[in-house]
Amino acid sequence: SIVRALERGIAYVLPRGNRRGGFSVWDETLASCKRGSSGLLRQALLDVPTADQTGRIVQALAELAFTTEHERMRKALRFFLDTQCKNGAWWCRWWAGYIAGSDTVLGAYGKLGLRCGPNPHRNDRLLARSHHAMMKAVDFLVEHQNADGGWGETIRSDSDIRCPGVGESTPLQTAYTLSALLGCGYPTDDPVIRDGIEYLLRTMTPDGRWADNQATFTLF
């Protein structure tokens with residue numbers, strides 16, 4: 001049955017989070033890493049737990065009624081705090097740069113019920129810190145919206161600290177960012193959202209498609 005399949009999937013996934021709360025792609029973690037340039041290098045070369053992969057797992061578990069009261073989710077929230085960069089973003093192992101990593105973590109926050117605005121979590125220090133981290137990531141994305149309303153980032157940001165969030169807009173990165181912002185409660189009537197939607201409408205082809213004309217994914 002579907003319920004039994006979900007139970008087996010959860011039983012498979014949960015033990016594979018590392019002690020810091022993160023998840024990697026393969027069955028076993030090959031190495032540990034910390035924040036900073038050396039940490040990013042290790043993430044790029046080895047299958048260490050990363051924010052983007054952890055964010056996907058958290059989103060899936062949140063859809064299955066895992067809440068911030070569950071210890072595995074709380075470990076993941078601590079992992080997000082530990083891996084957030086000084087600019088407010090999260091580096092992405094499987095996409096280029098920092099926009100997609102931030103989008104994935106914001107998606108996880110949104111699924112767990114965190115929302116943009118004043119911090120309501122005064123009685124839970126972990127959630128209060130997570131809300132602050134979420135708002136920093138939102139600020140990073142808003143600050144890096146391009147003049148045409150879209151978002152874009154090139155693979156150069158993986159090796160150049162001056163380039164996080166910098167690049168010509170692409171429909172994929174724009175749509176993913178809009179989804180992340182809306183998912184964590186960013187106001188729907190804000191110009192940031194309106195301009196992003198207008199960018200997607202302008203770049204849609206007559207037959208209903210979008211084209212990305214630059215590399216957005218990185219692998220090894």
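A residue is called exposed when its relative accessible area is over 50%, buried when that area is under 20%, and partly exposed in between. The exercises below apply this to a predicted model.

**Exercise 1.** Determine whether Arg162 and Asp160 are buried or exposed, and describe how the two are joined.

*Solution.* Begin with Arg162, which has a relative accessibility of 64% and therefore counts as exposed. Turn next to Asp160, whose relative accessible area is 11%, so that this residue is buried. Then look at the pair itself: Arg162 forms a salt bridge with Asp160, and the closest N and O atoms are 2.9 Å apart. Finally, widen the view to include Arg156, which is linked with Asp160 and Arg162 in a network of salt bridges.

**Exercise 2.** Set the salt bridge of Arg4 and Glu7 beside that of Asp124 and Arg74, and work out where the partners of each pair lie in the chain.

*Solution.* In the Arg4 and Glu7 pair, the side chains meet at 3.8 Å, N to O, and both residues lie in helix 1, three residues apart, which is about one turn of the helix. Arg4 is partly exposed at 46% relative accessible area, and Glu7, at 44%, counts as partly exposed as well. In the other pair, the side chains of Asp124 and Arg74 meet at 3.1 Å, N to O. Because Asp124 lies in the loop between helix 5 and helix 6 while Arg74 is in helix 4, this pair ties together parts that are 50 residues apart in sequence. Arg74 is buried, with a relative accessible area of 17%.

**Exercise 3.** Describe the largest nonpolar core and then follow the contacts of Trp90 to Thr83.

*Solution.* The largest nonpolar core has 45 residues, and Trp90 is among those with the most contacts inside it, together with Phe80, Leu106, Tyr109 and Leu181. Helix 6 gives the most to this core, contributing eight residues. Leaving aside residues up to four places away in sequence, Trp90 touches several others, including Phe80, Thr83, Tyr109 and Ala133. Thr83 is found in helix 4, which spans residues 71-83, and counts as buried because its relative accessibility is 18%. The side chain of Thr83 also reaches the backbone oxygen of Phe79 at 2.8 Å.

**Exercise 4.** Locate His144 and state which residues it touches beyond its sequence neighbours up to four places away.

*Solution.* His144 is found in the loop between helix 6 and helix 7, and at 21% relative accessibility it counts as partly exposed. With those sequence neighbours left out, His144 touches Trp151, Pro164 and Gly165. Although His144 and Gly165 are 21 residues apart along the chain, their C-alpha atoms are separated by 5.7 Å.

Notes:
Residues are numbered from 1 along each chain as its sequence is written. This is a predicted model: local features need pLDDT of at least 70, side-chain atom pairs count only at pLDDT 80 or more; totals for chains, interfaces and linings use all residues. Side-chain values use heavy atoms; hydrogens and water are left out. Helices (H or I, at least four residues) and strands (E, at least two) are DSSP runs, numbered from the N terminus. Buried means under 20% relative accessible area, exposed over 50%, partly exposed in between (1.4 Å probe, protein chains only). A polar contact is a pair of N or O atoms within 3.5 Å; within protein, one must be able to donate a hydrogen and the other to accept it, and residues adjacent in sequence count only if both atoms are side-chain atoms. A nonpolar core is a set of buried Ala, Val, Leu, Ile, Met, Phe, Trp, Tyr and Cys residues joined through side-chain atoms within 4.5 Å. Contact means heavy atoms within 4.5 Å. A salt bridge is a side-chain nitrogen of Lys or Arg within 4 Å of a carboxyl oxygen of Asp or Glu.
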